[in-house]
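This report describes selected features of one structure for a reader who has not met it before. Please consult the sequence and the structure shown here while reading.

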Amino acid sequence: MCGIVGYVGPRDAVPVLLEGLHRLEYRGYDSAGIAVEDAGGGGVRVAKTAGRVADLRRAVPDDMAGATGIAHTRWATHGEPSDRNAHPHVDAAGRIAIVHNGVFENSDRLRAQLVADGVALASDTDSEVLAHLVARSTGETLEDAVREALAQVEGTYGVIVMDAERPGELVAARRGSPVVLGVGEQEMLVASDVAALVRYTQQVIYLDDDEIATVTADGYRTSTMGARATSTTRSPTSIDAASAEYELGDHPDFMYKEMREQPDAVDRCLRGRLDHRFSSARLDGVGLTPQDYQRIRRVKLLGCGSAYYAGQLGAQLIEELARIPADAEPASEFRYRNPVVDPDTLYVVLSQSGETLDTLAAVQELKRKGGHVIGVVNAVGSTIARECGHGLFLHAGPEVSVAATKSFTTMGVALAMLALDLGRVRDLSITEGRRLVGGLSQLPDQIARILAAEDEIAEIARKYADARHMFFVGRVRAWPAAREGAQKLKEISYVHAEAYQASELKHGPLALINPEMPTVVLVPDDELLTKNTGTIEEIKARGGPVIAVTDAELPAGLATDVIRVPKAHEALSPITLSVPLQLFAYHLAHALGRDVDRPRNLAKSVTVE
Ligand code: F6R
């Protein structure tokens, strides 16, 4: 949440920063701003505005230029989205400029102190205090001043600070919110996300928590934040994503692009991991021996939002295939209920971005209590991936759209491989293992076929665009996919969508069924097929329209509309069934004129609580 970017080097910083913000806009898009050290010697110049990066481009004066600068795209926490609350914030003299991602939890007290000292605050934000605290610091260097200022704040931050009196220098620091340095040829960049850097360099350094960096065009130096600063030796690593992967190309939006990329993403996720000889999976990154596997008594999966639903899907797969009790829980709740952490439990943490604060906090709580935790993460080099140390990368490629699509399907695939691997060490027979390996190998092609049926799904979606409420129901295996389907619809179309276990409908929600309440029923071709057709009959009997999403042959006329998908291995059907639900949500949202990549109130990568 919130994107920050900084540049120092020989180029004009303004276009570099605007390009960086454009790439980071998915992290927040309610206001944006830029500050540069004026090339004409006029100190710090700031341009900022409520709205999008495109609005900022229009607001930047033509003569604004400088070799050092910082910029920000905001997802509001403290203070409404407005020009005055947009970052960068400056001190009263206009000398220090800061951008901040995170939350200063003691900002009320700090703001009151500053006001009592006669400082006129220019915004309602928690972040502004940092500019004033740095300006009032007696530290000799900018880094000293930032250290001193940050020692007074509580909460989380990724910050970049610049000082008009120290041209050609930026100071960046992190606690809880990501900061990455980009090392170029006689130029340096700083950002909350590699997306802002890839166009300029592939060499990056991910700052650790409580680390601070001073950055000039010639290089960088890093050290720890505490009272006794110790320098840290950090060598750059190469990033695995090419700049082109962050480009929209010919696609209308990133969600569309990412849905379309799913066959390739799943193929990459599977590549080199299916063990045909032993009908198992080869998951070296997990770092566990067969003996370790044997000792596992439970599996607990943790993630937020769609990653939590993928965790539910994985729990079902693990319990079914490996016969190990497994369940999923929202990572956001985990640490607050003082969880019992059991040494015989394998904890699996799921995150596309690898930066979700709630998920990271769950990992830290688990590690503190001695739990064995592995990560299933998309972003290589991300905080959660580094904190876990072991696990599986999704290899789905960058996911930019706020709505998770290919990360959800590849999480399902990664967890199916984990379930297979765990199962084959236990009671899953070689014959069943072979069937599952076959089923996994077919997924890229099956998903491609679902995507090829887009027009039919789009037509059905448009037919229901007037609905104000919708149910999504599924049983057992299909229940997590129903939850994810409802999540997709509500977040990008703003239509109220509620997911229910199909078996629970008659215990209450059936009262809501009427001709204005369509229900999407997931009907996998499995042992519960007749139960699901029974559910459809019950809904129809109450006049409710039914959209059946199925890989089974349903009797003609059973459902109002049918979305057919290729027949998958029954354990993998929640993965294939979830793909048409993405297309359904996407086309319904477009029919309502929504901006699917920038849904209101949301942002990708939730790095605040
Ligand atoms: C929904 C969505 C969110 C994320 C959640 C976790 O489409 O994208 O619910 O799934 O915020 O994000 P990650 O996976 O980055 O930890």
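## Polar contacts of the ligand

In this predicted model, the side chain of serine 353 places an N or O atom 2.7 Å from an oxygen atom of the ligand. Glutamate 491 also takes part through its side chain, where a polar atom lies 2.4 Å from an oxygen atom of the ligand. Glutamine 352 contributes through its backbone instead, with an N or O atom 2.6 Å from a ligand oxygen.

How much of the ligand does the protein bury? Taken alone, the ligand exposes 410 Å², and the protein buries 89% of that area.

## The shell around the ligand

The ligand is surrounded by 14 residues, of which Ser351, Gln352, Ser353, Thr356 and Glu491 come nearest. By residue class, the shell divides into seven polar, five nonpolar and two charged residues.

Two elements each give two or more residues to this shell: helix H9, spanning 306–322, and helix H16, spanning 479–493. Helix H16 gives the most, with three residues. Where does the ligand lie with respect to the domains? Domain 2 (254–444) and domain 3 (453–595) both supply residues to the shell, so the ligand lies between these two domains.

## Glutamine 352 in its setting

Glutamine 352, already named for its backbone contact with the ligand, is found in the loop between strand E20 and helix H11 (357–368). Is this residue buried or exposed? Glutamine 352 has a relative accessibility of 12% and therefore counts as buried, since the cut-off for that class is under 20%.

The C-alpha atoms of glutamine 352 and methionine 411 are 8.5 Å apart in space, while the two residues are separated by 59 residues in sequence.

## An aromatic pair

A search of the whole structure finds four aromatic pairs. One of them is formed by phenylalanine 471 and tyrosine 500 in an edge-to-face arrangement, with 5.9 Å from centre to centre and 90° between the planes. The angle is over 60 degrees, which is why the pair counts as edge-to-face.

This pair links distant parts of the chain. Phenylalanine 471 belongs to strand E23 (residues 469–474) and tyrosine 500 to strand E24 (residues 496–501), and the two residues are 29 apart. As for accessibility, phenylalanine 471 is buried, with a relative accessible area of 0%, whereas tyrosine 500 is partly exposed at 24%.

## Backbone features in loops

Which residues does a cis peptide bond join? The bond lies between histidine 87 and proline 88, and its omega is about -5°. Proline 88 is placed in the loop between strand E4 (68–74) and strand E5 (89–90).

Positive phi values are found at asparagine 338, with about 45°, and at histidine 395, with a value near 55°; asparagine 338 is not a glycine, and neither is histidine 395. Asparagine 338 sits in the loop between helix H10 (331–334) and strand E20 (345–351). Its relative accessibility is 58%, over the 50% cut-off, so asparagine 338 counts as exposed. Histidine 395 lies in the loop between strand E22 (391–393) and helix H13 (406–425), and at 32% relative accessibility histidine 395 counts as partly exposed.

Methods
Residues are numbered from 1 along each chain as its sequence is written. This is a predicted model: local features need pLDDT of at least 70, side-chain atom pairs count only at pLDDT 80 or more; totals for chains, interfaces and linings use all residues. Side-chain values use heavy atoms; hydrogens and water are left out. A residue is near a molecule or strand if one of its heavy atoms lies within 4 Å of it. A polar contact is a pair of N or O atoms within 3.5 Å; within protein, one must be able to donate a hydrogen and the other to accept it, and residues adjacent in sequence count only if both atoms are side-chain atoms. Accessible areas come from the Shrake-Rupley method with a 1.4 Å probe; for residues, only the protein chains shown count as cover. Helices (H or I, at least four residues) and strands (E, at least two) are DSSP runs, numbered from the N terminus. Ala, Val, Leu, Ile, Met, Phe, Trp, Tyr, Cys and Pro count as nonpolar, Asp, Glu, Lys and Arg as charged, and the others, Gly among them, as polar. Domain bounds come from an automatic or database domain assignment. Rings of Phe, Tyr and Trp (its six-membered ring) pair if their centres lie within 6.5 Å; planes under 30 degrees apart count as stacked, over 60 as edge-to-face and the rest as tilted. Buried means under 20% relative accessible area, exposed over 50%, partly exposed in between (1.4 Å probe, protein chains only).
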